[in-house]
Amino acid sequence: MISRLPLDQQLDSLRSVLSRNDVLTEVLARTATLGLPGWYVTAGCLFQTVWNVVTEKPPTSGIKDYDVFYFDDSDLSWEAEDSVIQAGREVFADLPAEVEIRNEALVHLWYEDKFGAPCPPYDSAEAAIDSFAATTCCLGMRVETEGRWRVYAPHGLSDVFNLVLRPNPGLAPRSVYDAKAARWQQEWPELTVLGWPSADIAAPSDPARVRDRIPGDRRSDRR
């Protein structure tokens, strides 16, 4: 079992598995050309590729979009982020998938207006990845200039390979976790979904992953 291998061998296995998703490898390679600070391709497109390979599905099956996080606190204007998003649209235009690019340095600017509670500013893209509703989602990858793959996996890789969904009750509330778990179990019934801790701590919605949009609210278009 890959999950029982030493970590360096797990990382080799992760790269081997993710390389089977041609869309993902293109997103990684093309994002590297944008020169974004502290960027990662992150979340579903990574662990869901693993789930697909483990369950013998096509590598791209059920993957909704490909998320790219970066962190640039030198310019917190919407215009600066929009220019990056537009550049990404040109770079990814011919790919058969939606690629969403977001500057995680902006989250605290719109979060309280949308969710009713303050969110301390993130100090890195890694901090945004840490706030996902499930520890299994806390995974990021990028390609360095020399071609080396850099992996950020604060909770390790064992749950990813074992198809275990584990809650991360930090910023995201139980409702976000439960909704994602239910949706993902429909696509991957082999998942083992662990329950929310009994001592439920109320927390505002996860700013890094909520995708609902409110017409007329420009902030809501960010997620």
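This tour moves through the structure one selection at a time.

The model is predicted, so local features need pLDDT of at least 70, side-chain atom pairs count only at pLDDT 80 or more, and totals for chains, interfaces and linings use all residues. Residues are numbered from 1 along each chain as its sequence is written, and side-chain values use heavy atoms, with hydrogens and water left out.

**Stop 1: helix α3**

Select residues 44-54, which form helix α3. Helices here are DSSP runs (H or I, at least four residues), as are strands (E, at least two), numbered from the N terminus. Ten of the eleven residues of α3 are buried, where buried means under 20% relative accessible area, exposed over 50% and partly exposed in between, with a 1.4 Å probe and protein chains only. Among the buried residues are Gly44, Cys45 and Gln48. Then select Glu56, just after α3, which takes a positive phi of about 65°.

**Stop 2: the aromatic rings**

Keep Phe47 of α3 and add Trp184, which lies in helix α8 (residues 174-187), 137 residues apart from Phe47. Both residues are buried. A pair of aromatic rings is described by the distance of the centres and the angle of the planes. Rings of Phe, Tyr and Trp (its six-membered ring) pair if their centres lie within 6.5 Å; planes under 30 degrees apart count as stacked, over 60 as edge-to-face and the rest as tilted. The centres of Phe47 and Trp184 are 5.3 Å apart and the planes stand at 70°, so this pair is edge-to-face. Add Trp51 and Trp188 to see the cluster that ring pairs form with Phe47 and Trp184. The structure holds seven aromatic pairs.

**Stop 3: helix α1 against α3**

Select residues 7-18, helix α1, together with α3. The two helices pack at an angle of about 85°, with their axes 9 Å apart. Axes are lines fitted to C-alpha atoms, for helices over the stretch in contact, and angles run from 0 to 180 degrees between N-to-C directions. Leu14, Val17 and Leu18 of α1 meet Leu46, Thr49, Val50 and Val53 of α3; contact means heavy atoms within 4.5 Å.

**Stop 4: Thr31**

Select Thr31 in helix α2 (residues 22-32). Is Thr31 buried or exposed? Thr31 is buried, with a relative accessible area of 0%. Leaving aside neighbours within four places in sequence, Thr31 is in contact with Leu36, Trp39, Val41, Val68 and Phe92.
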